[in-house]
Amino acid sequence: MENPVILKIDRVGMHFGGLEILKNVSLEVKKGERIGIIGPNGAGKTTFFNILTGDLKPSSGSIYYKGENITNVANFKRTNAGIVRTFQRNNLLNELTVLDNLLLVLQRKHHLQNVWFKKRNEKKYPKLFEEANQLIKTWGLEKRANEIVKKLSYGEQRQIEILLGIAINPQVLLLDEPTAGMSQAETDYIVDLLHNLPKDLTVLIIEHDLEVVFGLADRMVVLYDGGILIDGDPNEVRNDRRVNEIYIGKEEAAAHA
Ligand SMILES: Nc1ncnc2c1ncn2[C@@H]1O[C@H](COP(=O)(O)OP(=O)(O)OP(=O)(O)O)[C@@H](O)[C@H]1O
């Protein structure tokens, strides 16, 4: 049986004042798909994510999640329902350790808001610590678990954001340029991690690094001029003349600048 549609974007439009960023964008995402979203700077990719997370309300159109219209549902409710965007770097608590940040996220996942943190006690909350330590081990983070976040490199902090997003056990994971600013080794670590995510997790990934995104996606969507230029198999998209014109044309223009 074919996987069900988990997200449906129905004729979404977005304008900021007179500036029309998205025009009538429609897309159906099936459970477990890995969709790469590319397009030139300013094409509206992050705006599109903001609409999916509820950080922005579209000017027109609707968003459905598991068949339910969530266009007017608040962002935190969408997160609780399983639509998770990776934590932004400035959402990490920089003065705390990696482990403490993870414990806070797990606490939220288990609806234990503000319970343990005041009187942190491994004996009192053994399950929480057990889960955190298991994730630390799975992710190979043992050496960094007790490091204060602000002491980590930029790339390491970005890795932690992604790991914390995954720790919530999302159903739809939205990754906005996950490898931006990372070293090659840090990028390889994240690519490997994303390859090993549960197969039923739906992932949408905005990424400028074409090698990374073509390596991860089983479907590619190109946003251009406010709409979807092409939506299809990565090979088909890679060989599409218009896509090549956008990318190669840009590179040539830069080379001659
Ligand atoms: N809140 C806002 N108010 C006004 N204009 C905005 C707002 N958010 C985004 N924009 C504009 O919308 C356009 C699309 O921005 P967006 O960040 O979605 O593009 P993008 O495809 O993610 O670009 P990039 O690849 O550079 O990150 C840009 O021209 C941006 O300046």
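I looked up how far apart in the chain the contacting residues lie: pairs 24 or more positions apart account for 68% of the protein's contacts with a separation of 6 or more, a contact being two C-beta atoms, placed from the backbone, within 7 Å. I note that this is a predicted model, in which local features need pLDDT of at least 70 and side-chain atom pairs count only at pLDDT 80 or more, while totals for chains, interfaces and linings use all residues. Residues are numbered from 1 along each chain as its sequence is written.

I then checked burial and found that 32% of the 257 residues are buried, that is, have 20 or more other C-beta atoms, placed from the backbone, within 10 Å of their own.

Next I traced the open sheet of 6 strands, whose order is β6-β7-β8-β3-β9-β10 with mixed pairing; strands are DSSP runs of E of at least two residues, helices runs of H or I of at least four, both numbered from the N terminus, and two strands pair if DSSP finds at least two bridges between them. β6 (83-85) and β10 (227-232) are at the edges with a single partner strand each, so one side of each has no neighbour in the sheet. β6 pairs with β7 (residues 172-176) in the parallel sense over 3 bridges, and V84 stands opposite L173 in β7.

Finally I listed the residues around the ligand, which are F16, I21, G39, N41, G42, A43, G44, K45, T46 and T47, each with its C-beta atom, placed from the backbone, within 6 Å of it. Helix α1 (residues 45-53) gives the most to this shell, with 3 residues.

Key. A residue is buried if 20 or more other C-beta atoms lie within 10 Å of its own, exposed if 12 or fewer, and partly exposed in between; C-beta atoms are placed from the backbone.
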